Amino acid sequence: MTDEKLIQEAMEVRVNSYSPYSRFPVSAALLTESGRVFTGVNVENASYGLTMCAERVAIGTAVAAGEKTFQAIAVIVKGGGSPCGACRQVLNEFAPNLRVLMADEMGNLIRERTLAELLPEAFGPHSL
Ligand code: THU
C-alpha cells in the first residue's frame with residue numbers, strides 16, 4: 001500500500017462526512033500492520049460536543065475488527081491541517097510510532113510526521 005493509495009482511500013470517503021454544523025469535512029484512512037485499511041469521517045451531532053472526529057472513527061472501527069497495530073494514517077483536512085489533540089492521544093494508545101500523512105482537500109500530501117513528533121512525551125499505556 002503506497003502513501004498515495006492510502007490518501008486516495010481517505011479522499012474517497014470524504015463525501016460521507018457528516019458535518020452540517022461546521023461544514024468542515026474531515027476524513028481518514030488508517031493502515032494496519034497487516035495491510036488492511038479502515039476509513040473514518042467526522043460525524044457531528046446537534047449536541048455539538050458529541051462530535052466524533054474522523055481519526056477516532058477510523059481507529060474505533062479498526063479496533064472493533066480486531067486490529068491493534070498500525071503503520072500509517074492519512075488525514076484529509078482543508079489546507080492539510082493536522083489531527084486534533086484528542087485524536088493524537090487516542091492514536092498514541094495503539095501506535096506511538098504511527099506515520100501521519102496530512103493531505104489537503106485535493107489529496108495533495110502537505111506534511112508527514114510521526115505521532116511521537118505530534119505528541120511528544122505522551123501519556124500512554126506504559127505510564128500506568
Ligand atoms: N475534526 C476531525 O474530524 N478531526 C480532527 O483532527 C480535527 C477536527 C472535525 C471535528 C468537527 O466535525 C470539524 O472537524 C471541525 O472542528
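**Two loops, two cores and a helix face**

In this predicted model, D104 touches M11, I76, V77, G79, G80 and I110, leaving aside residues up to four places away in sequence; touching, or contact, means heavy atoms within 4.5 Å. Residues are numbered from 1 along each chain as its sequence is written, and side-chain values use heavy atoms, without hydrogens and water. Because the model is predicted, local features need pLDDT of at least 70 and side-chain atom pairs count only at pLDDT 80 or more, while totals for chains, interfaces and linings use all residues.

D104 sits in the loop between β4 (99-103) and β5 (109-114). Helices (H or I, at least four residues) and strands (E, at least two) are DSSP runs, numbered from the N terminus. With a relative accessible area of 12%, D104 counts as buried; buried means under 20%, exposed over 50% and partly exposed in between, with a 1.4 Å probe and protein chains only. One of its contacts, G79, is 25 residues away in sequence, yet the two C-alpha atoms are 4.7 Å apart.

Just before that loop comes β4. Four of its five residues are buried, so β4 is largely enclosed by the rest of the structure. Five bridges tie β4 to β3 (70-76), and the two strands run parallel; strands pair if DSSP finds at least two bridges between them. One such bridge links A72 with R99 of β4.

What about the nonpolar residues? A nonpolar core is a set of buried Ala, Val, Leu, Ile, Met, Phe, Trp, Tyr and Cys residues joined through side-chain atoms within 4.5 Å. The largest one has 19 residues, of which L30, F70, I73, L91, L98 and V100 touch the most other members. At least two residues each come from β1, α2 (54-64), β3, β4 and α4 (115-118), and α2 gives the most, with four. Another core, of ten residues, lies apart from it and includes I7, A29, A74 and A103.

I7 also belongs to α1, whose buried residues are L6, I7, A10 and V13. Seen down the helix axis, they fall within an arc of 125 degrees, so they line one face of α1; the arc is taken from the directions from the axis to the C-beta atoms. This buried set packs against β1, β2 (37-41), β3, β4 and β5.

Right after α1 (3-13), in the loop leading to β1 (27-32), is R14. Its contacts include P25, S27 and I76. R14 is buried but has no salt bridge, and the nearest side chain of opposite charge, E105, is 5.6 Å away. A salt bridge needs a side-chain nitrogen of Lys or Arg within 4 Å of a carboxyl oxygen of Asp or Glu.

Definitions and conventions
Lys, Arg positive; Asp, Glu negative; His and termini not counted.
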